[in-house]
Structures are given as structure tokens and as C-alpha cells.
Amino acid sequence: MKHITLSVIAAMAFIFSSFTVITSTNWLADSGHSHLGFTLKHMGIADFHGSFSSWEGKITSTKPDLSDAVVDFSGDISSLYTGNSGRDEHLQSPDFFDAAKYPKFTFQSTSFKKTGDNEYEVKGNLSFHGVTKEITLKAVNTGSAESPQDKTPMTGFKVTGTFNRIDFGISADTPEIFLGNTVTVGADIEFAKG
């Protein structure tokens, strides 16, 4: 009996010693050194720009090259900024974003696929205005550095992509000649390892 018990203990020790503990690393977005915005056509002749000033984002990964990363972003619709306060208020009204009813936007990735040395295809669910749709983004890792203050590892990404505002019910009655249907997402985001 003693021999069997020792054999079982030895087998269990071997099994558990073969397991590798996988740890996740979080990269937290530094919104103070980042930009999260969008562009669309106005009257079919000029690009119209907007951005959000209140948002947060996180990347979680177990691999150094971030090829298995999970992205999670959220922000406040009320922080929309276009450079004109009257226009900002109108865009936050029920005519467009309806910020009182739908105060948040979120993006949660479903895949983060490495497509080149520093390039990734990011698919995920974008939710705002009461609608959730899958969109595809391109992310380019623009470099890494170490904070001179506290030696925290840092990395940056330039993110681009498009979606159709009509898919999210944003001013669906406004003709495309007045307000373009295609919204281009543009973000330059700095992350600190947390």
C-alpha cells in the first residue's frame, strides 16, 4: 500500500511540474498622451473631424508580441468634441448620438491577428446608440519605449478602420450628400504596462 501511495504522489508531482503558469500582462491606455477620433464627409466635399476626451482602454495579452491580445475600450458620448459647442450639443441630441439615452460607447475585440512585423488585424464588437456591430480595424505598433520617470514599459499603436453610421442608426434620415455614411476611425494610443 505504501508503495502505491508513493507512486501516486510521484505521478502527481510529475503531472503538476509539467504545467506552465501563464500570466497575463495588462497595457493601460494613457488618454492624456493619446487621441481617439473619427472623420466623415460633410456635403461630400470636406472631411469633418470629431474626437472623444473621456475614455479608457486596456490590452491584455500573454505573449510579448501581443498576438493573442484582447482589447477593451469604453468612453463617454458626452465627451464628444468637434471644435464647436453648438454642434457638439446637437450631435449629442436625439437627432444623432442621443447621449442621454446611450451615454457610453464600447469596443471589445473578438480576435487580434498579427499580419506583419508590426501590423495587426483587430476584429471586435462596437456598441453605441443601442446597436452592436462587428467591425474590423487595422492596428500598427508604432514603437516601444521606457518611461524616463519610473521605467515603465510603454508601447504605441495607430489604429484605423471604417464603419457605416446608418448601421448604428445615427441620423439615418440625413442624406449622404449632407453627411457621409462612412465613418473613419483614427486613433493614436499610448499604452503603459500595468
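Helices (H or I, at least four residues) and strands (E, at least two) are DSSP runs, numbered from the N terminus. Ser-171, shown in View F, lies in the loop between strand 10 and strand 11. The model in every view is predicted.

**View A. The whole protein chain, with two helices and 11 strands.** Read from the N terminus, the order of the elements is α-β-β-β-β-β-β-α-β-β-β-β-β. The protein chain has 194 residues, and 36% of them count as buried. Among contacts with a separation of 6 or more, 52% are between residues 24 or more positions apart. The exposed area of the protein chain is about 11,600 Å², with 56% of it supplied by carbon and sulfur atoms.

**View B. The hairpin of strand 8 and strand 9.** Strand 8 covers residues 119-128 and strand 9 covers residues 131-146. The two strands run antiparallel and are joined by 10 bridges. At the turn end of the view, Phe-128 is placed opposite Val-131 of strand 9. Two residues lie between the strands, and His-129 in this turn has a positive phi of about 55°.

**View C. The hairpin of strand 9 and strand 10, with Lys-151 between the strands.** Strand 10 spans residues 153-164 and runs antiparallel to strand 9, with nine bridges between the two. Ser-144 has Thr-155 of strand 10 as its bridge partner. This hairpin has six residues between its strands. Lys-151 belongs to the loop that links strand 9 and strand 10. The phi of Lys-151 is near 65°, which is a positive value in a residue other than glycine. Lys-151 has 52% relative accessibility and the cut-off for exposed is over 50%, so Lys-151 counts as exposed.

**View D. Strand 1 and its pairing with strand 4 and strand 11.** Strand 1 covers residues 25-29. Strand 4, which covers residues 55-61, runs antiparallel to strand 1 and is joined to it by four bridges. In this pairing Asn-26 has Thr-60 of strand 4 as its bridge partner. Strand 1 is also paired with strand 11 (182-193). That pairing is antiparallel and has three bridges. Here Trp-27 is found opposite Lys-193 of strand 11.

**View E. The largest pocket and the second largest pocket.** The largest pocket holds about 730 Å³ of space. Its lining is made up of 37 residues, of which Gly-37, Phe-38, Phe-52, Phe-163 and Val-185 are the closest to its centre. By class, 31 residues of the lining of the largest pocket are nonpolar, three are polar and three are charged. The second largest pocket holds about 170 Å³. Of its 15 lining residues, Trp-27, Lys-63, Pro-64, Asp-65 and Leu-66 are the closest to the centre. Trp-27 is also the residue opposite Lys-193 in View D. At least two residues of the lining of the second largest pocket come from strand 1, and at least two come from strand 9. The lining of the second largest pocket divides into four nonpolar, six polar and five charged residues.

**View F. Leu-179 and Ser-171 in the loop between strand 10 and strand 11.** Leu-179 is placed in this loop. The cut-off for buried is under 20% relative accessible area, and Leu-179 has 13% relative accessibility, so Leu-179 counts as buried. Which residues is Leu-179 in contact with, leaving aside its neighbours within four places in sequence? They are Leu-40, Lys-41, Phe-96, Arg-165 and Thr-174. Leu-40 is 139 residues away from Leu-179 along the chain, yet their C-alpha atoms are separated by 7.4 Å. Ser-171 is in the loop between strand 10 and strand 11 as well. Its phi is near 45°, a positive value in a residue other than glycine. At 11% relative accessibility, Ser-171 is under the 20% cut-off and therefore counts as buried.

Conventions:
Residues numbered from 1 in each chain as written. Predicted model: local features only at pLDDT ≥ 70, side-chain atom pairs only at ≥ 80, totals over all residues. Heavy atoms only, no water. Pairing = 2+ DSSP bridges. Buried < 20%, exposed > 50% of the residue type's maximum accessible area, 1.4 Å probe, protein only. Contact = heavy atoms within 4.5 Å. Areas by Shrake-Rupley, 256 points an atom, 1.4 Å probe, with all protein chains shown as cover. 1 Å grid on protein atoms, 1.4 Å probe; cavity = no way out; pocket = protein on both sides within 12 Å on 5 of 7 lines; lining within 4 Å. Points joined across faces, edges and corners; volume = space filled by probe spheres on them. Nonpolar A, V, L, I, M, F, W, Y, C, P; charged D, E, K, R; others polar.
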